[in-house]
Each structure stands twice: as C-alpha cells, then as structure tokens.
Amino acid sequence: MVAIAAIVLAAGQGTRIRSRLPKVLHPLGGRPMIDHLLNTLARAGIEHPVVVVGHGADVLEEALAGRAVTVRQDPQLGTADAVRVGLTRVAASVRHVVVTVGDAPLLPADLFQQLLREQAEGEAAIALLSTRVADPTGYGRIVRDERGGCARIVEEADADAALHSIDEVNVGTYCFDAAWLRANVASVPASAKGEFYLTDLVAMAVGAGRRVSVVMAPRPELAAGINDRVQLAAAEQLLRQEIAERHMRNGVTIVDPATTWIGGAVEIGQDARIEPRTVLSGATVIGQDAVIGPNAEVRDSRIGPRSVVWASVVEESTVAEDVEIGPYSHLRPGCEIGPRCRIGNFAEVKKSHLGAGTQQHHFSYLGDAEVGERVNIGAGAVTANFDGVDKFPTVIGDDAFIGVDTMLRAPVTIGPGAKTGAGAVVTRDVAAGATVVGMPARRIELRRRTSESGPDHDRGEATASAERHSQGGRSSRPDA
Ligand code: UD1
Ligand code: CA
C-alpha cells in the first residue's frame, strides 16, 4: 500500500464571509461545508485527513472530532505556512501528500484520484488542479511556459494587467511528492503582504528542474472557492439543482426545482410529486406517489405511499400510507400517524400515536396521546398534557368521538366508543361507550332515537344532543 495523506487548510480568518462562525462550518446543503470535503476525501480513499485550524479553532476541533486530525496554526502566515504546520502530523512513511483548501467543498472525488495518479506516475514534485473560469478575480493565475507547461502561479495581488486577463486559475488542490514538499515548504519566500504562499512552490519546483503537472477540472463551478456569502449561495443553488436532477431522473416529479430544497440524504419514491416551495431535509424518506407541498417542510421523517402533506410542517415523525395532512398542520417530533388518518387545518400533534383512519380537525392539539383507530377529534379539542411541571399521557380508544372544544386533562383515558360533548372538560377516565358532558364532564345516558322521530343519530347529532342536555341541566346522572 502506498502511503497517502491529506492536509486540509482551514485556519484562515475567512474575512470576506464576515462571520463569527469559522467559514468551513457554514452550512451547505444542510451540512457544514467541510463535511462535504471530508466525505469526498473518504470516497477518494483518504481517511482521517489533517485539518489545519486557527481562527475559531475550538469550535472547529469540536466539530471535527473523530473525523480528522487537527493541528493549530498560530499565527496564520499563509497557505505555505499552514502546510508546513500540517506536515508535522503526517507520518514519515507517507509518500504522497494531497493538499486542499477547506473552502472548495464541491470538488468531485475522481479529481483527487486523478491528481494522485498524475503525481505518482509522472514522478512530479507537484500535480495541481486548474480550471477555466469566466471571472478569474481573486484566484491565483496559472502562467504557462512556451511549451504549455505550468511555469508558476501568480496571486491576484501580485498580478499585472496582462496576468489578470488569464482565465486559467488555481483551484487550490494539489498532490505533492512528500519528500520534496518536506524539503521545500519552509523555504517559500515571504510575499509583498508578508504571507507565505503555497503557490510559490510551483516556480520553485520548475526552477529545480522538477516536473509540475496540471489536471484541468472540467466543471469550474464545482471547483470554485467560497470566500463570501454570495459564493456560498451560488454553491447552495448548484448543489440543490444537482440533487433535484438526481431525483427527477429517478422518477420523481419536482414541479419547480428553483423553489424546492432537498437535502443530500433524502430518499423519494417513484412517482412522488414535490410541489413548489417545499423543503425536505435530514433523514427524510418520501413514499411512492406521495404529494408533498406546496409550502411544506418535512424534516427527519418518513411519509408513506400516497400520503399528502400540504402546506404543513412535519418533524421527526412517521406517517403511514394514504394520510392527508394540512393545510397548516404541525407534526412535532415523535408522532406516528396510522394509515388513512386526516389531520386538518391548524392541528398540532406532538409525540402521539394515531391509529388507522383517525381524524383530527381544526385548531386542535394532541400531545403525549395514544389514540386508537377511527377516532374523531373535534374542532378545538385539546389534550391538557402539562401541569406546569410534568407531562402526562392521554389514551383514547378506538371509535371514540371527542366533541368540539373538549379539554382532556391528562392523565386520562377515554374508552373505546366513548363520546364527549361539546365543551366537555374531562378530568376523569371515561368508560367504554359512555358519553360525558359539561365541566367537569359527567356521564349522561343518550336517548335512542327511533327512525320516526328523526334520522338515525350520527356522531354530530350525538354531540349536539349531549350539549343540550348539559345546558338545560337535565342530565340524567352524574358520571358513575
Ligand atoms: C487560494 C490560493 C489561490 C487559489 C484559491 C482557490 C494561495 C496563496 N492562494 O487563494 O491561488 O486560486 O485559493 O480558491 O494559496 N489558510 C490557512 N492558513 C493561512 C491562510 C489560509 O489555513 O495562514 C486556509 C484558509 O482557511 C482557506 C485556504 O487556506 O481555507 C485558502 O485561503 P484563502 O485566504 O481563502 O486563499 P485564497 O485567497 O482564496
Ligand atoms: Ca479561498
């Protein structure tokens, strides 16, 4: 095995991003920028790179713990100085050193492999990555000699007008002959600004008669450095577009990719449809034929086949098949929603399980609730699950009917088939099949209607009659 190491440069202040957060920790596609780079290096076969840290070192070291070896560069005297510091953590047996700037997170893994091959097979002192850009401002320019070889790299600040017009630029990613790098990195002269530029090593190698090879990155947009938040947003857009295209090619309809944001780890089933202004993030899985959006946000959740999430927020929850959610519902963490449930306007659910076919409607709240199948949760119904100190559970049996504006003071159990009247404040358990009304809710017997006296009572009628009982003070018996 040929010993290869990587050094990632991330000690600079990142002045242009104007942030208190280290630049390489700024999120891109929902993950810190440097995560992308570490994953890419791993894909190229390079694990545990050395990351040179400086500005914001404490935060950065914490973020990288277990994934990289960190070493501090203090003071930050330029990229050559950073590599010198990084080399102190590279084993003597290492023969090829990949160096990359920490702020080019979208580089593809195969370019790292290509650089390694170029350097190793060509016995070059340096193999470097270049690319052609429409606007080279800010980049080091690649100066070619008469025979087309790379003669040197000139930094923006040191370039005259003629050099400014060169559109082939240095990406900031290299593979070095480790022995040559160790012998020469400390000899880089100080620049006019007093910094030590890694890019000066190119002219030094050429001057010493060593080979410098260049690999040209075919897609400049993936090689771009992120120095400010405008470039960060451009990278975000690019990433978003790539992810959306991958799903579309896999058979997912994305109605408006420009307003859809899908995280890199999200999975989406065939013939699902993602409507405009939708955000899918984290470890989210969307089932086949599901419709998400418009205006939906789903984070770290599973949505079953054929389910619909319209203008709603779903967090850390599991939704089965054929469910309809929204508009304007909020599933907070820990919900499990059974098949064919309907969760309507302004419903909030937290850490609750809803059985198959249960319906929860207008401006209602279920928290810490175990709800059976085919239950109806009326408008304004609320589980009072919190006494100011502790949370308590509510259990609602199959086929129960919770009338409008019912308050369920937890802990409380509503038996299967039980009913609560409009405005009931339920403070005690309700037996299976019982009907309770009032404040505090007490039990009543419902008169059975015959077909002559009116239509068979449905759920709505039962609630209304319970309400009349309670208001007229004619309830038959207190709750047993
Ligand atoms: C650098 C290159 C330039 C290249 C460009 C590509 C140099 C001198 N210039 O310029 O040729 O076109 O990247 O994006 O190398 N860093 C340290 N320690 C330091 C200074 C910088 O670790 O003392 C780190 C920074 O945190 C950053 C990386 O090195 O991640 C590059 O530094 P930056 O200031 O962004 O260099 P550029 O001006 O973009
Ligand atoms: Ca940069």
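User: In the open sheet of nine strands, which are the edge strands?

Analyst: In this predicted model, the open sheet has nine strands with parallel pairing, and their order runs β14-β17-β20-β23-β26-β29-β32-β35-β38. An edge strand pairs on one side only, and this holds for the strands made of residues 267-268 and 412-414. The edge strands are therefore β14 and β38.

User: Which residue in β38 stands opposite I396?

Analyst: Strand β35 covers residues 394-396 and is joined to β38, to which it runs parallel, by three bridges. Across from I396, the residue found in β38 is I414.

User: How much of the accessible area of ligand 1 does the protein cover?

Analyst: Ligand 1 has polar neighbours on the protein: one of its oxygen atoms is 3.4 Å from an N or O atom in the side chain of R16, and a backbone N or O atom of G140 lies 2.9 Å from an oxygen atom of the ligand. On its own, ligand 1 has 750 Å² of accessible area, and the share of this that the protein covers is 88%.

User: Which elements give two or more residues to the shell around ligand 1?

Analyst: Ligand 1 sits in the largest pocket, where 23 residues surround it, L9, Q73, G78, E155 and N170 being the closest. By class, this shell holds nine nonpolar, 10 polar and four charged residues. The elements that contribute two or more residues to the shell are β1 (4-10), α3 (79-87) and β10 (168-177).

Technical notes. Residues numbered from 1 in each chain as written. Chains lettered and ligands numbered in written order. Predicted model: local features only at pLDDT ≥ 70, side-chain atom pairs only at ≥ 80, totals over all residues. Heavy atoms only, no water. Near = heavy atom within 4 Å. Polar contact = N/O pair within 3.5 Å; in protein donor to acceptor, adjacent residues only side chain to side chain. Areas by Shrake-Rupley, 256 points an atom, 1.4 Å probe, with all protein chains shown as cover. 1 Å grid on protein atoms, 1.4 Å probe; cavity = no way out; pocket = protein on both sides within 12 Å on 5 of 7 lines; lining within 4 Å. Sits in = over half its atoms within 2 Å of the grid points. Helix = DSSP H or I, 4+ residues; strand = E, 2+ residues; numbered from the N terminus. Nonpolar A, V, L, I, M, F, W, Y, C, P; charged D, E, K, R; others polar. Pairing = 2+ DSSP bridges.
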